[in-house]
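Colleague: I should like a close look at a single part of this model, set in the context of the whole. Please take one helix and explain how it is packed against its surroundings.

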Amino acid sequence: MKISIDSPLSDKFKWIRQEEGVSQQAFGDLIGVPQGTIAKIENGRNKSTSLDVIMKVVSHEQFAKHFALLLAGSMTRDQILESFDSLKAMEGYVEPPEPD
């Protein structure tokens, strides 16, 4: 599956889950969302995926690396910045190194 920041949220969810090698059930269990909700999101039947669900994904240590992909096109700039501040406040967050 080819994915980009312009891909629909449904494709991004499915790609992240498959990239991490987890089933819909395991993905839902890890982030605290029912498997049925994950299936609806991936099938494009959940047209109003809440910011809460998105934040559960990017706040989980296994999926945090997909922050930019998942949030691009899904949120306003201010929402992204606020979410990033929340992510940085998480226990275990490590600031990425400065580019050379």
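Modeller: Helices here are DSSP runs of H or I with at least four residues, numbered from the N terminus. On that basis, the elements of this predicted model run α-α-α-α-α-α from the N terminus on, that is, six helices and zero strands. The helix I propose to examine is α3, which spans residues 35-42.

The overall form may be stated briefly. The C-alpha atoms fill a box of roughly 40 × 25 × 25 Å along the principal axes. A compact globule with 100 residues would have a radius of gyration near 13 Å, and the protein, at 13 Å, therefore agrees with that expectation. Of the 100 residues, 35% count as buried. Among contacts with a separation of 6 or more, 51% join residues 24 or more positions apart.

Within α3, the buried residues are Ile38, Ala39, Ile41 and Glu42. Seen down the axis of α3, these buried residues fall within an arc of 160°, so they line one face of the helix. The general background is that an α-helix has 3.6 residues a turn, so residues three or four places apart point the same way. The cover over the buried residues of α3 includes α1 (9-19), α2 (24-31) and α4 (51-59). After α3 comes glycine 44, whose phi is positive, near 75°.

The setting of α3 becomes clearer from the largest nonpolar core, which has 20 residues. The elements that give two or more residues to this core are α1, α2, α3, α4 and α5 (67-71). Of these, α4 gives the most, with five residues. The residues with the most contacts inside the core are Phe13, Phe27, Ile31, Val57, Phe63 and Leu70. Leaving aside residues up to four places away in sequence, leucine 70 touches Leu9, Lys12, Phe13, Ile16, Ile54, Val57 and Val58.

One further residue deserves attention in this context, namely histidine 60, in the loop between α4 and α5. Its relative accessibility is 19%, and because buried means under 20%, histidine 60 counts as buried. With residues up to four places away in sequence again excluded, histidine 60 touches Leu30 and Ile31. Ile31 is also among the core residues with the most contacts. In addition, a polar atom of the histidine 60 side chain lies 3.0 Å from the backbone nitrogen of glutamine 62.

In summary, α3 turns one face of buried residues towards cover that includes α1, α2 and α4, and α3 is among the elements that give two or more residues to the largest nonpolar core.

Note on methods: Residues numbered from 1 in each chain as written. Predicted model: local features only at pLDDT ≥ 70, side-chain atom pairs only at ≥ 80, totals over all residues. Heavy atoms only, no water. Buried < 20%, exposed > 50% of the residue type's maximum accessible area, 1.4 Å probe, protein only. Arc of directions from axis to C-beta. Contact = heavy atoms within 4.5 Å. Core = buried A, V, L, I, M, F, W, Y, C linked by side-chain atoms within 4.5 Å. Polar contact = N/O pair within 3.5 Å; in protein donor to acceptor, adjacent residues only side chain to side chain. Rg over C-alpha atoms; globule rule 2.2 N^0.38 Å.
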